[in-house]
Amino acid sequence: MAREVPEREQQPLRLEGVGRRYGRRGPWVLSGVDLEVAPGALIRIEGANGTGKSTLLRLLAGLDAPTVGRVVGRPRTAYVPERFPATLPFTAADYLIHLGAVHGLSRAEAADAADEWLERFGAAEHARTPMSELSKGSSQKVAVAQALLAEPELLVLDEAWTGLDEPARGELERVVVERTAAGAAVVFVDHDPRRLAGRPDATYAVVEGALASRTGTGNPHADGPHLVVRARGPEGTTPPAEATELAASVEEVPGDAHRISVPESRSDALLRALLGARPPWHVVSVEPEPERPLGVVPRPRRPEPIETESS
Amino acid sequence: MTALLRYQAALLLRSQRALPPVILYAAVLAIGVQSGQPVLDSLGWTAAALLPVAAWLVRICATNEPSAARSCVGAAAGPERAHLACVSVALGAAATLGVVATVFVTFISDATSADHQIRVSALQAGAAGLLATLACALLGTAVGALTTRPLLRSPGRAVPALLLGALLALVVTGSPARAAVSALVSGSQEGTVPVPVLPLVGAVLLTAGAIAVACGLTTRRAS
């Protein structure tokens with residue numbers, strides 16, 4: 001009774017009026033949650049500690065059933081927990097072969113995939129190491145590799161970056177982008193607001209058990225580091241409405257470009273709005289906002305999205 | 001499912017946590033069974049002693065993985081199937097143990113009634129012993145499945161519940177395990193070999209129900 005991997009149409013996962021509480025009289029951790037996870041979607045879930053983010057991810061991963069409401073559709077799913085205290089009696093490679101088989105691969109395919117993913121995350125030398133001897137970072141790499149072995153249709157990452165070293169963090173971001181480009185859905189929680197900044201198709205916050213859409217709305221000052229975009233449009237015009245909606249503030253500097261402050265998570269969308277306007281705006285510079293002493297300096301923006309959008 | 005079973009079986013074998021219940025079973029058999037004793041009495045003891053061992057094996061399998069690892073498997077295969085594999089591997093281990101013990105006990109015992117007056121067929125006695133042993137393995141599995149994750153999570157409650165459940169399964173009137181064991185014992189007194197098929201059928205049904213309840217609750221209780 002091997003787990004079949006059918007070539008079926010991927011059914012989008014949908015939560016409909018989902019509520020969850022533990023125990024018959026426990027408080028509602030989540031209530032009235034409606035969420036569709038379309039193929040190829042990258043969704044970020046935010047929220048303070050203990051607000052139910054993890055419960056939401058467990059519902060999406062099928063690990064938890066809703067107390068009320070229903071979950072429709074079940075793509076082939078993989079889950080990466082925040083901490084993976086792998087006191088398992090296997091070597092990393094053996095564990096991954098077992099998990100690959102559970103994900104529906106043949107053992108030979110699983111062995112190949114295990115080597116490939118350990119290599120990509122810089123843990124190839126740990127393939128023969130017993131899991132109990134792995135460092136925290138290396139066991140997290142095994143947890144990540146486990147989820148990627150069989151190219152899941154839905155990847156649920158609960159602070160999966162925690163404990164990874166810097167190159168592995170970057171690699172995981174690249175993998176997430178690759179998976180969504182290949183049509184898989186990815187839902188993630190991460191404490192770092194810069195994680196995949198600008199990439200998510202939608203960002204939601206879990207606030208008092210309810211799901212609030214955060215994309216393009218909300219308090220701009222709660223959105224982590226900001227960028228200042230200096231952009232110049234045709235003489236005497238104001239920035240397009242799509243752009244000002246995304247911005248935290250728009251300031252016209254006489255004799256110079258407009259100075260637009262934007263949360264980093266929305267900066268790509270803002271740039272697209274500016275460059276896509278008719279007539280297009282000219283982006284003079286994109287810099288981290290200097291007055292915001294949040295202790296985190298945003299990384300320099302990669303130029304590719306700007307070029308592709310303007311051509 | 002094959003992959004899940006292999007994974008769970010490998011976990012059980014490599015973790016070596018199955019060793020204590022196996023040693024306990026061997027010790028209990030050494031106390032209660034001696035060569036040359038009436039075969040049906042010894043087989044009754046062999047079957048009865050397996051019940052708590054089976055329950056313990058289920059507990060070991062169900063708690064063998066750290067919860068993070070369990071979540072990874074659960075997302076891939078579904079938590080219900082993952083738990084079903086867990087319980088099935090424990091049942092398989094208990095049944096294997098029981099079959100080996102039954103064959104061994106049949107071999108060393110005296111194929112006679114309890115008073116050594118009436119000869120019985122060793123082969124038939126062994127078959128009856130197998131049925132009783134399987135009934136006890138099944139019922140022990142049911143007790144184990146109902147007294148561990150996801151139903152009872154704190155060891156402080158789960159372990160006493162397991163012991164009490166195993167005891168009740170052996171002594172309560174109407175329990176298939178008790179029926180199977182007492183069929184062997186009374187058969188030994190009368191010098192006839194019983195065929196405890198009905199207790200086995202009862203045990204199969206009860207255990208299937210218990211496993212269904214446990215698997216169905218995996219996504220409903222906190223991990």
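**Close-up views of a predicted two-chain model**

**Salt bridge between A:Arg195 and A:Asp192.** A:Arg195 is joined to A:Asp192 by a salt bridge, with 3.9 Å between the closest N and O atoms (a side-chain nitrogen of Lys or Arg within 4 Å of a carboxyl oxygen of Asp or Glu). The model is predicted, so local features are reported only at pLDDT of at least 70 and side-chain atom pairs only at pLDDT 80 or more, whereas totals for chains, interfaces and linings use all residues. Residues are numbered from 1 along each chain as its sequence is written, chains are lettered from A and ligands numbered from 1 in the order in which they are written, and side-chain values use heavy atoms, with hydrogens and water left out. Both A:Arg195 and A:Asp192 are buried (under 20% relative accessible area; exposed is over 50% and partly exposed lies in between, with a 1.4 Å probe and protein chains only). The two residues belong to a network of salt bridges that also links A:Glu173, A:Asp190 and A:Arg194.

**Two further salt bridges of chain A, A:Glu82 with A:Arg83 and A:Glu251 with A:Arg259.** In the former, the closest N and O atoms of A:Glu82 and A:Arg83 are 3.3 Å apart. A:Glu82 is partly exposed at 27% relative accessible area, while A:Arg83 is exposed at 52%. In the latter, the side chains of A:Glu251 and A:Arg259 meet at 3.5 Å, N to O. Both partners are partly exposed: A:Glu251 has a relative accessible area of 40%, and A:Arg259 has 23%. Over all chains, the structure holds 15 salt bridges.

**Edge-to-face aromatic pair of A:Trp161 and A:Phe188.** The search of the whole structure returns five aromatic pairs over all chains (ring centres of Phe, Tyr and Trp, the last by its six-membered ring, within 6.5 Å; planes under 30 degrees apart are stacked, over 60 edge-to-face and the rest tilted). In the pair of A:Trp161 and A:Phe188, the centres are separated by 5.6 Å and the planes by 70°. This pair connects distant parts of chain A, 27 residues apart: A:Trp161 lies in the loop between β6 (154-158) and α5 (166-181), and A:Phe188 lies in strand β7 (residues 185-189) (helices, H or I of at least four residues, and strands, E of at least two, are DSSP runs numbered from the N terminus). Both A:Trp161 and A:Phe188 are buried.

**Interface of chain A and chain B.** Contact is made between 32 residues of chain A and 29 residues of chain B (heavy atoms within 4.5 Å). About 2,500 Å² of area is buried between the chains, 64% of it from carbon and sulfur atoms (accessible area, 1.4 Å probe, that two parts lose on being put together, summed over both). One salt bridge is counted between chain A and chain B. A:Asp94 and B:Arg14 form a salt bridge, with the closest N and O atoms 3.6 Å apart. Five residue pairs, with both members at pLDDT 80 or more, are in polar contact across the interface (N or O atoms within 3.5 Å; within protein, one must be able to donate a hydrogen and the other to accept it, and residues adjacent in sequence count only if both atoms are side-chain atoms). On the side of chain A that touches chain B, β5 (77-80) and α2 (92-102) each supply at least two residues. Helix α2 of chain A gives the most to this side, with six residues. Ring pairs also link A:Phe84, A:Phe90, A:Tyr95 and B:Tyr7 into a cluster.

**Surroundings of A:Glu109 in helix α3 (residues 107-120) of chain A.** A:Glu109 is partly exposed, with a relative accessible area of 44%. Its side chain reaches the backbone nitrogen of A:Ser106 at 2.9 Å. The C-alpha atom of A:Glu109 is separated by 27 Å from that of A:Phe188, 79 residues away along the chain.

**Surroundings of B:Ile118 in the loop between α5 (79-108) and α6 (122-146) of chain B.** B:Ile118 is partly exposed, at 38% relative accessible area. Leaving aside residues up to four places away in sequence, B:Ile118 touches B:Ala111, B:Thr112, B:Ser113, B:Glu190 and B:Gly191. B:Glu190 is 72 residues from B:Ile118 in sequence, yet their C-alpha atoms are 8.4 Å apart.
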